[in-house]
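Here are my comments on the model you sent, set out as numbered points. Please read them with the sequence and the coordinates open beside you.

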Amino acid sequence: MSKQDVIEFDGVVTEVLPSMTFKVTLSNGHVITAYISGKLRQHFIRIIEGDKVKIEMSPYDLSKGRITWREKG
């Protein structure tokens, strides 16, 4: 899978789960499980319930995603 094959969505974190995973409600209403990307984990970016985030998803599994950006403010 190349970088062009990912699907990007905007969403809101609705629940914080153990081991840095989150339940995220996407802009289209679907709820998925998401984890933090490497750069966010490396720079200790904290994500809490209610944060707006950008998600990358694989076209093969639409129930999981990777959080790549947390909106400021």
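1. Lysine 54 has tryptophan 69, in strand 5, as its bridge partner. That pairing belongs to a wider arrangement in this predicted model, in which strand 4 and strand 5 run antiparallel to one another over four bridges. The connection between strand 4 and strand 5 is a hairpin made through six residues.

2. Strand 5 also pairs with strand 3, and here the two strands run parallel and are joined by four bridges. Within strand 5, lysine 64 is the residue that stands opposite threonine 33. Strand 5 is therefore to be read with two partners in mind, since strand 4 pairs with it in the antiparallel sense, whereas strand 3 pairs with it in the parallel sense, and a strand pairing here requires at least two bridges.

3. Glycine 65 is a useful residue from which to look at these pairings, as it lies in strand 5. Is glycine 65 buried or exposed? Its relative accessibility is 6%, and glycine 65 counts as buried because the cut-off for that class is under 20%. When residues up to four places away in sequence are set aside, glycine 65 touches Ile32, Thr33, Ala34 and Tyr35, and also Ile55, Glu56 and Met57. The C-alpha atom of glycine 65 is separated by 9.5 Å from that of serine 37, a residue 28 positions away along the chain.

4. The structure holds two salt bridges. In one of them, glutamate 56 is joined to arginine 66, with 2.8 Å between the closest N and O atoms. This pair links distant parts of the chain, for glutamate 56 belongs to strand 4 (residues 52–57) and arginine 66 to strand 5 (residues 64–70), the two being ten residues apart. Glutamate 56 is buried, at a relative accessible area of 13%, while arginine 66 is partly exposed, at 27%.

5. The other salt bridge is between aspartate 61 and lysine 64, where the closest N and O atoms are 3.9 Å apart. I would note that this value falls just inside the limit, because a salt bridge is counted here within 4 Å. Aspartate 61 is partly exposed, with a relative accessible area of 30%, and lysine 64 is exposed, its relative accessibility being 52%.

6. Turning to the interior, the largest nonpolar core has 13 residues, and those that touch the most other members are Phe22, Val24, Ile47, Val53, Ile55 and Ile67. Strand 2, strand 3 (31–36) and strand 4 are the elements that each give two or more residues to this core. In soluble globular proteins, nonpolar side chains tend to be buried together. For phenylalanine 22, the contacts beyond four places in sequence comprise Val13, Glu15, Val16, Leu17, Ile32, Thr33, Ala34, Ile36, Ile47 and Ile67.

7. Threonine 21 lies in strand 2, and at 19% relative accessibility it counts as buried, because that class ends at 20%. The side chain of threonine 21 reaches the backbone oxygen of proline 18 at a distance of 2.9 Å. Apart from its neighbours within four places in sequence, threonine 21 is in contact with Val16, Thr33, Ala34 and Tyr35.

8. Two backbone angles deserve a look. Methionine 20, in the loop between strand 1 (7–17) and strand 2, has a phi near 55 degrees, which is a positive value in a residue other than glycine. Phenylalanine 44, which is not a glycine either, has a positive phi of about 55 degrees, and it lies in the loop between helix 1 and strand 4. As for their surroundings, methionine 20 is partly exposed at a relative accessible area of 32%, whereas phenylalanine 44 is exposed at 59% relative accessibility.

9. On confidence, the mean pLDDT of the protein is 93, and 96% of its residues reach 70 or more. Which element has the lowest confidence, and which the highest? The lowest is helix 1 (residues 38–42), with a mean of 92, and the highest is strand 2 (residues 21–26), with 98.

Conventions. Residues are numbered from 1 along each chain as its sequence is written. This is a predicted model: local features need pLDDT of at least 70, side-chain atom pairs count only at pLDDT 80 or more; totals for chains, interfaces and linings use all residues. Side-chain values use heavy atoms; hydrogens and water are left out. pLDDT is the predictor's confidence in each residue, from 0 to 100. A salt bridge is a side-chain nitrogen of Lys or Arg within 4 Å of a carboxyl oxygen of Asp or Glu. Buried means under 20% relative accessible area, exposed over 50%, partly exposed in between (1.4 Å probe, protein chains only). A polar contact is a pair of N or O atoms within 3.5 Å; within protein, one must be able to donate a hydrogen and the other to accept it, and residues adjacent in sequence count only if both atoms are side-chain atoms. Contact means heavy atoms within 4.5 Å. A nonpolar core is a set of buried Ala, Val, Leu, Ile, Met, Phe, Trp, Tyr and Cys residues joined through side-chain atoms within 4.5 Å.
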